[in-house]
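Student: Can we go through this model together? I'd like to start with the terms.

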Amino acid sequence: MAAQACCGVVAGAAPAARRLKLRRPSRSSLMKARKMMRKAATGGEKCPRTAVSRRKRVMVIRRKMEALRRLVPPACGGGDGEERPEDDGRLGELLLHAAGYIMRLQMQVTVMQVMVHALNSNPED
């Protein structure tokens, strides 16, 4: 019995080992730990996550504005002096310009459909 006691193997130790279960940390405890780590890393200041995500959204919008600017021709109109909106970031003007261009394209498609219909129809109709 003395040999078993010195090695740490005791007859009553098996039920105690069964009671000890390793559990995964809960989600809330993980979130608290991450928050504490971020706080420690930034020196106690709040994490600028919202500023980073806002900056990303702004960059995505700018990229899409540039793509739209490349799609819409600079002078689409009947020569009325309308020019491309300046690159100073005026989203409203760019969208209005693009909407006008789309309307003109739709009108051109309608006119071409009427012309095709008129040219393909029989003269006796």
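Tutor: Buried means under 20% relative accessible area, exposed means over 50%, and partly exposed is in between, with a 1.4 Å probe and protein chains only. This is a predicted model, where local features need pLDDT of at least 70, side-chain atom pairs count only at pLDDT 80 or more, and totals for chains, interfaces and linings use all residues. Residues are numbered from 1 along each chain as its sequence is written, and side-chain values use heavy atoms, with hydrogens and water left out.

Student: Fine. How many helices and strands are there in the protein?

Tutor: Five helices and zero strands, so the pattern along the sequence reads α-α-α-α-α, where helices (H or I, at least four residues) and strands (E, at least two) are DSSP runs numbered from the N terminus.

Student: And what percentage of the residues is buried?

Tutor: Buried residues account for 7% of the 125 residues.

Student: Now charges. How many salt bridges are counted?

Tutor: The count is two. A salt bridge here is a side-chain nitrogen of Lys or Arg within 4 Å of a carboxyl oxygen of Asp or Glu. In general, side chains of opposite charge can pair when their charged atoms come close.

Student: Which side chain does glutamate 66 meet in a salt bridge?

Tutor: That of arginine 69, at 2.7 Å from N to O. Arginine 69 is in helix α4. The two residues are separated by about one helical turn, because they are three residues apart in helix α4.

Student: Is arginine 69 buried or exposed?

Tutor: Arginine 69 counts as buried because its relative accessibility is 5%. Glutamate 66 has 35%, so it counts as partly exposed.

Student: And which residue pairs with arginine 90?

Tutor: Glutamate 93, through a salt bridge of 2.8 Å, N to O. Arginine 90 is at 37% relative accessibility and therefore partly exposed. Glutamate 93 is at 37% too, so it also counts as partly exposed.

Student: Moving to the surface, which residues form the positive patch?

Tutor: Arg27, Arg34, Lys35, Arg38, Lys39 and Arg49. Patches are made of residues with over 30% relative accessible area and no salt bridge, with like charges joined within 9 Å and nonpolar side chains (Val, Leu, Ile, Met, Phe, Trp, Tyr) within 5 Å. Lys and Arg count as positive and Asp and Glu as negative, while His and the chain ends are not counted. The place of a charge is taken as NZ of Lys, CZ of Arg, CG of Asp or CD of Glu.

Student: Which helix gives the largest share of that patch?

Tutor: Helix α3, residues 27-41, with five residues. Arginine 49 lies in helix α4, which covers residues 49-71. Arginine 49 counts as exposed because its relative accessibility is 54%.

Student: What makes up the nonpolar patch?

Tutor: Ile61, Leu91 and Leu95, over about 250 Å². Accessible areas come from the Shrake-Rupley method with a 1.4 Å probe, and for residues only the protein chains shown count as cover. Isoleucine 61 lies in helix α4, and at 44% relative accessibility it is partly exposed.

Student: Last one: where is histidine 97?

Tutor: In helix α5, residues 91-120. Histidine 97 has 6% relative accessibility, so it counts as buried.

Student: What lies 3.5 Å from a polar atom of its side chain?

Tutor: The backbone oxygen of proline 73 is 3.5 Å from a polar atom of the histidine 97 side chain.

Note on methods
Polar contact = N/O pair within 3.5 Å; in protein donor to acceptor, adjacent residues only side chain to side chain.
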